[in-house]
Structure formats: C-alpha cells, structure tokens
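Me: Could you please give me a close look at one part of this structure, with each technical term explained as it appears? I would like one connected account.

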Amino acid sequence: MMHAIYITIDIFLVAVLAWFFIQYIRLNHALKQKNVQLEATIMELKAAQVKLMDSGKKGAVAALSAGLLHQISQPITAIHGFVRFMKKEMDINSPFYKPVCVMDEQSFYIKDMLANLMELIRHRKIQKTQTNINTVIHKSINLLLDELRIRRVGWDLQLDEQIPFIFGDALHLQQVFMNLVVNAMEALSEMPHGAMRTLMVSSKYDIEHHQAVIIFKDNGPGIANEHQTKIFDPFFSTKTQGSGIGLALCQDLINEHGGSISVDSNHEGTIFTIKLPCFQSDKIRTEGELYETS
C-alpha cells in the first residue's frame with residue numbers, strides 16, 4: 001500500500017516538474033521573442049533619432065546660410081552698382097574700360113549666384129532639363145580661370161564627348177562643380193612654395209549603369225582618414241575658417257538629382273567622384289528647354 005502511495009507521489013512530482021519545465025521553455029521562448037522585438041524597436045528609435053538629427057542639422061544649415069548670404073549680398077549689390085556707374089561714365093578708349101567691364105560682368109555673376117543660392121537655401125524647386133554635363137563643366141572652369149592662374153594651379157580637362165544628356169538643373173550642378181574646384185585650389189595652396197599643383201577634371205560614360213561619372217582629382221596634401229567619413233556632414237570642416245556648409249550642400253544637390261558623391265584621399269591627393277543618371281533618350285522632354293552653350 002505504501003509502495004503505491006510512493007509511486008503516486010513520484011508520478012505527481014514528475015508531472016509537476018514536467019509542467020514547470022514546459023512553462024520554462026515557453027517563457028524562455030517568449031523572452032527571446034520579446035528581446036528580438038526590443039532590439040528591432042531600439043534600431044527603429046536610433047534610425048528615427050538619426051533622421052531627426054539630420055533634419056535639425058539641415059534646418060540649422062539653411063538658417064545660417066540664409067543669414068550669411070543676406071549679409072554678403074548687400075555689399076556685393078553696392079559694389080555692382082558702383083561698377084556699373086563707373087562703366088557708364090567711362091570713356092570706352094580708356095585703358096581701364098576693359099577691366100571695369102570684367103568687374104561689371106563678374107560682380108553681376110556673384111550677385112546673381114548669391115540670389116540663386118538664396119533660392120536654393122529657401123528650397124528653390126530644382127528646374128531639371130536635358131543637360132549636357134560637359135558644357136556645365138566647361139562653364140564652371142571658365143568662371144574660375146583667373147583664380148586658377150593666380151594660385152598657379154595647372155589644370156586639365158578630359159571629357160568624354162559620348163556622354164548622353166542628363167536630366168538635371170544646370171545651375172545647381174555648376175555650383176557643385178565650382179565648389180569642388182575651389183576646395184581643390186584651397187587644398188593645393190597648402191603645398192610648399194614651388195611645388196607642382198595640378199587639378200584634373202574628367203568625365204566618362206558608364207554604359208553598364210547608364211550614368212555620367214565626373215571626377216575631380218588634385219595632387220594636394222589629402223584628407224585624413226578619420227575626416228573622410230565626416231567630410232559631407234554639415235558644419236564639419238578641415239579648414240581653420242571653413243563653415244562646413246559647402247560639401248553638405250553639394251551632397252544634398254547631387255542626391256536630389258538621383259546621383260551620388262564620394263571622396264577618396266591619401267597623401268598623394270584627393271579624388272571626388274560624382275555619379276549622375278543619364279537621361280533616357282526615348283522619353284519626351286517635359287520640362288524646360290535644352291541647356292547647352294557654345
């Protein structure tokens with residue numbers, strides 16, 4: 001009789017232990033699922049935090065840039081007005097007439113560019129047309145020729161004439177290209193006196209991905225590895241007096257064109273590479289007119 005009771009108790013204990021074991025397995029499985037959900041939630045929160053920070057940075061960049069442009073545009077407007085007055089009153093045979101004409105042209109360009117930048121900061125709608133990317137590159141370099149000569153920078157263009165049109169805003173792309181050329185000149189100015197300073201700008205057609213590839217290559221001192229991952233961040237600059245706005249705006253503009261911009265640098269120089277999708281030739285033009293200058 002007692003033996004039967006012991007057997008019954010043993011069976012009961014085994015059943016209780018089995019129940020606890022099953023519950024443990026269930027709880028453990030549920031805990032693992034909760035951990036997975038918690039990790040996913042944490043990742044989503046981090047992503048949302050990054051987006052919020054980026055949004056805040058861009059808002060701050062826009063506000064700061066608008067203020068700076070407003071302050072710069074006022075004296076430029078005054079200078080342009082004075083130069084135009086000088087040109088109007090000056091004898092065309094004067095030896096200073098031609099330089100004043102150049103000043104008039106350049107001050108108007110600066111004034112116009114500042115106005116366009118203000119529109120850009122104020123979220124100016126991109127006006128995309130079929131654009132010859134090589135024409136935009138030529139115009140960007142031509143506007144900086146005097147500066148290149150003054151800084152004793154040897155430059156060369158190697159442009160692929162077979163690149164199809166891209167669908168983009170020529171003015172915005174010109175601003176990007178000019179910014180990269182100016183950055184290259186500033187980097188090259190840090191080289192020792194008498195050192196050879198070179199800038200190569202090239203374009204080619206990536207047939208496989210149907211995109212234009214534009215490369216800006218200089219032989220300057222390069223960018224430190226730890227800075228290359230931050231070079232497009234707003235307010236980050238390797239220059240002592242740099243605002244850190246230029247490259248951030250360049251990246252935004254290229255992204256809005258569906259393209260990409262990257263940097264590769266070492267002690268032998270820096271390479272900025274821009275990739276822009278080419279226009280599909282079978283599509284009907286819906287915006288603007290063909291942008292191309294001789």
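Reply: The account below begins with one acidic residue and its strand, and then turns to a second acidic residue and a helix.

This is a predicted model, in which local features need pLDDT of at least 70 and side-chain atom pairs count only at pLDDT 80 or more, while totals for chains, interfaces and linings use all residues. Residues are numbered from 1 along each chain as its sequence is written, and side-chain values use heavy atoms, with hydrogens and water left out.

Asp 218 belongs to strand S5, residues 211-218. Here strands (E, at least two residues) and helices (H or I, at least four) are DSSP runs, numbered from the N terminus. Asp 218 is buried, a word that denotes under 20% relative accessible area, with exposed over 50% and partly exposed in between (1.4 Å probe, protein chains only). Asp 218 nevertheless forms no salt bridge, that is, no side-chain nitrogen of Lys or Arg within 4 Å of a carboxyl oxygen of Asp or Glu. The nearest side chain of opposite charge is that of Lys 217, 9.5 Å away; Lys and Arg count as positive, Asp and Glu as negative, and His and the chain ends are not counted.

What the side chain of Asp 218 does reach is the backbone nitrogen of Gly 220, at 2.8 Å. Such a polar contact is a pair of N or O atoms within 3.5 Å; within protein, one must be able to donate a hydrogen and the other to accept it, and residues adjacent in sequence count only if both atoms are side-chain atoms. Beyond four places in sequence, the residues in contact with Asp 218 include Ala 184, Glu 268 and Thr 270, where contact means heavy atoms within 4.5 Å.

S5 runs antiparallel to strand S7 (residues 269-277), joined by eight bridges; two strands pair if DSSP finds at least two bridges between them. In one of these, Phe 216 has Phe 272 as its partner. S7 also pairs with S6 (residues 260-266) in the antiparallel sense, over seven bridges, and a hairpin of two residues connects S6 to S7. Thr 270 is the bridge partner of Ser 265.

The second acidic residue, Asp 160, lies in the loop between strands S2 (154-159) and S3 (166-168). Because its relative accessibility is 21%, Asp 160 counts as partly exposed. Its side chain reaches the backbone nitrogen of Tyr 205 at 3.2 Å. Asp 160 is also in contact with Asn 134, one of the buried residues of helix H3. Seven of the ten residues of H3 (133-142) are buried, so this helix is largely enclosed by the rest of the structure.
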